[in-house]
Every structure is written in C-alpha cells, then in structure tokens.
Amino acid sequence: MEQKKENIFLSVSGMHCASCAGIITRAIKKVSGVEDANVNFASEKAHVSYDSQIANVPTIVSAVEKAGYKARIYNAEDSEAVQKKK
C-alpha cells in the first residue's frame with residue numbers, strides 16, 4: 001500500500017510554556033500514521049506530517065484535545081487578527 005503523505009498546520013491554544021508544546025508534540029506523535037509533529041509555543045502553531053491512509057485531521061485534533069489543549073486547522077487570517085490586536 002502506497003503512503004499518502006499529507007501536511008497540515010494547526011492553530012493550538014491553551015499553551016502556557018514550552019513544556020506544553022512538548023506535551024502536545026508527544027500526544028500528536030502517538031497517533032497512528034503521524035510521521036512527524038512540531039509544535040511552536042511562540043506562534044501557537046503545530047506542523048504535522050502524516051499518512052492520510054492511516055491518520056486524519058479529526059484524530060490528530062482529538063489527540064491535542066485529550067492532552068488538554070484546543071486545536072483547529074490553521075487559517076492565515078487567524079494570524080492577521082492576532083497581529084491587529086497587538
């Protein structure tokens with residue numbers, strides 16, 4: 001069976017420190033089919049590479065939520081809204 005590698009960016013909220021980012025990274029990497037995950041505390045984003053024949057976005061988001069945080073698919077407009085607030 002051929003792998004169907006996908007990449008997604010998630011907006012992650014509820015992090016208080018870099019340790020939170022590590023917890024989320026480990027939670028995402030435990031999802032079957034996830035090849036790599038990188039969570040950035042400062043930007044509140046996660047980049048996830050996964051095999052779409054095994055894993056899917058709702059499962060990945062659920063793993064973040066089970067770890068005690070909130071996640072949704074990243075939208076570039078989210079970043080612009082944050083910048084306008086500052």
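Colleague: Before we talk about the cysteines, what counts as buried here?
Modeller: Buried means under 20% relative accessible area, while a residue between that and the exposed class, which is over 50%, is called partly exposed; please also keep in mind that this is a predicted model.

Colleague: OK, so is C20 buried or exposed?
Modeller: C20 counts as buried, because its relative accessibility is 7%, whereas C17 is partly exposed, with a relative accessible area of 33%.

Colleague: And how many disulfides are there?
Modeller: Searching the whole structure turns up zero disulfides.

Colleague: Why is there no bond between C17 and C20?
Modeller: The cysteine sulfur closest to that of C17 belongs to C20, but the two are 3.9 Å apart, which is too far for a bond, given that a disulfide needs the sulfur atoms within 2.5 Å.

Colleague: Switching to the sheet, what's the strand order?
Modeller: The four strands form an open sheet in the order β2-β3-β1-β4, and their pairing is antiparallel. Since β2 (34–40) and β4 (70–73) are the edge strands, each has a single partner, so one side of each has no neighbour in the sheet.

Colleague: How much does the twist average from one strand to the next?
Modeller: From each strand to the next, the twist averages 25°.

Colleague: How many bridges join β2 to β3?
Modeller: Six bridges link β2 with β3 (residues 45–51), the two strands running antiparallel, and D36 has S49 in β3 as its bridge partner.

Colleague: Which strands does helix α1 touch?
Modeller: Helix α1 (residues 18–29) packs on the sheet, where it touches β1 (5–13), β2 and β3, and the helix direction makes about 165° with that of β2.

Terms used
Residues are numbered from 1 along each chain as its sequence is written. This is a predicted model: local features need pLDDT of at least 70, side-chain atom pairs count only at pLDDT 80 or more; totals for chains, interfaces and linings use all residues. Side-chain values use heavy atoms; hydrogens and water are left out. Two strands pair if DSSP finds at least two bridges between them. Axes are lines fitted to C-alpha atoms, for helices over the stretch in contact, and angles run from 0 to 180 degrees between N-to-C directions. Contact means heavy atoms within 4.5 Å. Buried means under 20% relative accessible area, exposed over 50%, partly exposed in between (1.4 Å probe, protein chains only).
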